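I opened this entry to keep a record of what I looked up, one topic after another. The notes follow the order in which I went through the model.

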Amino acid sequence: MRGAHEPLHSDCTCGIYAAKNIEHLRTTGYWQYGIHGDVNLWGTVVEHKLGWRAQFAYPKSLFLPPDALPFTLAGIQARIATLFPEHS
């Protein structure tokens, strides 16, 4: 279905997807693509076999993989510079 429609129409794939548990997230391979965590879902929420699809979501907690964190001062400064380019 294309165009505007009621949220989470049965013929579309729109919405925010959430796995039922961390084991499912790991077996799908999605955990390796960066930040993951727990979310609060609301609005229209549809339960599926392996998780949920929701109209809205808000993070409860976020987890960063170790390789996402800079461990050198130069790495930290480079990331800060991207956040505040007017100060670099």
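**Arginine 53 and its surroundings**

I began with the contacts of arginine 53, leaving aside residues up to four places away in sequence, and I found that it touches Leu8, His9, Cys12, Thr13, Cys14, Gly15, Ile16, Tyr17, Thr44, Val45, Val46 and His48. I note here that the model is a predicted one. Arginine 53 is found in strand E3, which covers residues 51-63. Is arginine 53 buried or exposed? I read a relative accessibility of 5% for arginine 53, and since buried means under 20%, this residue counts as buried. I then looked for a polar partner, and the side chain of arginine 53 reaches the backbone oxygen of cysteine 14 at 2.8 Å.

**The sheet**

Next I asked which order the strands take in the sheet. The sheet is open and has three strands in the order E1-E3-E2, with antiparallel pairing. Strand E1 (16-19) and strand E2 (36-47) are its edge strands, each of them pairing on one side only. On average, neighbouring strands of this sheet are turned by 45° against each other, with direction ignored.

I went through the two pairings in turn. E1 and E3 pair in the antiparallel sense over four bridges, and in this pairing I noted isoleucine 16, which stands opposite alanine 54 in E3. Isoleucine 16 also appears among the residues that arginine 53 touches. E2 and E3 pair in the antiparallel sense over ten bridges, and here I wrote down two positions: asparagine 40 stands opposite tyrosine 58 in E3, and glycine 37 stands opposite leucine 62 in E3. I also checked how E2 is joined to E3, and the link is a hairpin through three residues.

**Histidine 24**

I turned to histidine 24, which lies in helix H1 (residues 22-28). Why do I enter histidine 24 as buried? Its relative accessible area is 16%, and because the limit for buried is under 20%, histidine 24 falls in that class. Not counting residues up to four places away in sequence, histidine 24 touches Ala19 and Leu50.

**The largest pocket**

I looked up the largest pocket and recorded a volume of about 550 Å³. Its lining is made up of 23 residues, and the closest to the pocket centre are Tyr17, Ala18, Ala19, Lys20 and Leu25. E1, H1, E2 and E3 are the elements that give two or more residues to this lining. Which element gives the largest share of the lining? I found that it is E3, with five residues. Two names recur from my earlier entries: Ala19, which histidine 24 touches, and Tyr17, which arginine 53 touches.

**Alanine 4**

My last look-up was alanine 4, whose place is in the segment before E1. Alanine 4 has a relative accessible area of 83%, and since exposed means over 50%, I entered this residue as exposed. I also took its C-alpha to C-alpha distance to isoleucine 35: alanine 4 and isoleucine 35 are 30 Å apart in space and 31 residues apart in sequence.

Note on methods
Residues numbered from 1 in each chain as written. Predicted model: local features only at pLDDT ≥ 70, side-chain atom pairs only at ≥ 80, totals over all residues. Heavy atoms only, no water. Buried < 20%, exposed > 50% of the residue type's maximum accessible area, 1.4 Å probe, protein only. Contact = heavy atoms within 4.5 Å. Polar contact = N/O pair within 3.5 Å; in protein donor to acceptor, adjacent residues only side chain to side chain. Pairing = 2+ DSSP bridges. Axes fitted to C-alpha atoms, helices over the stretch in contact; angles between N-to-C directions. 1 Å grid on protein atoms, 1.4 Å probe; cavity = no way out; pocket = protein on both sides within 12 Å on 5 of 7 lines; lining within 4 Å. Points joined across faces, edges and corners; volume = space filled by probe spheres on them.
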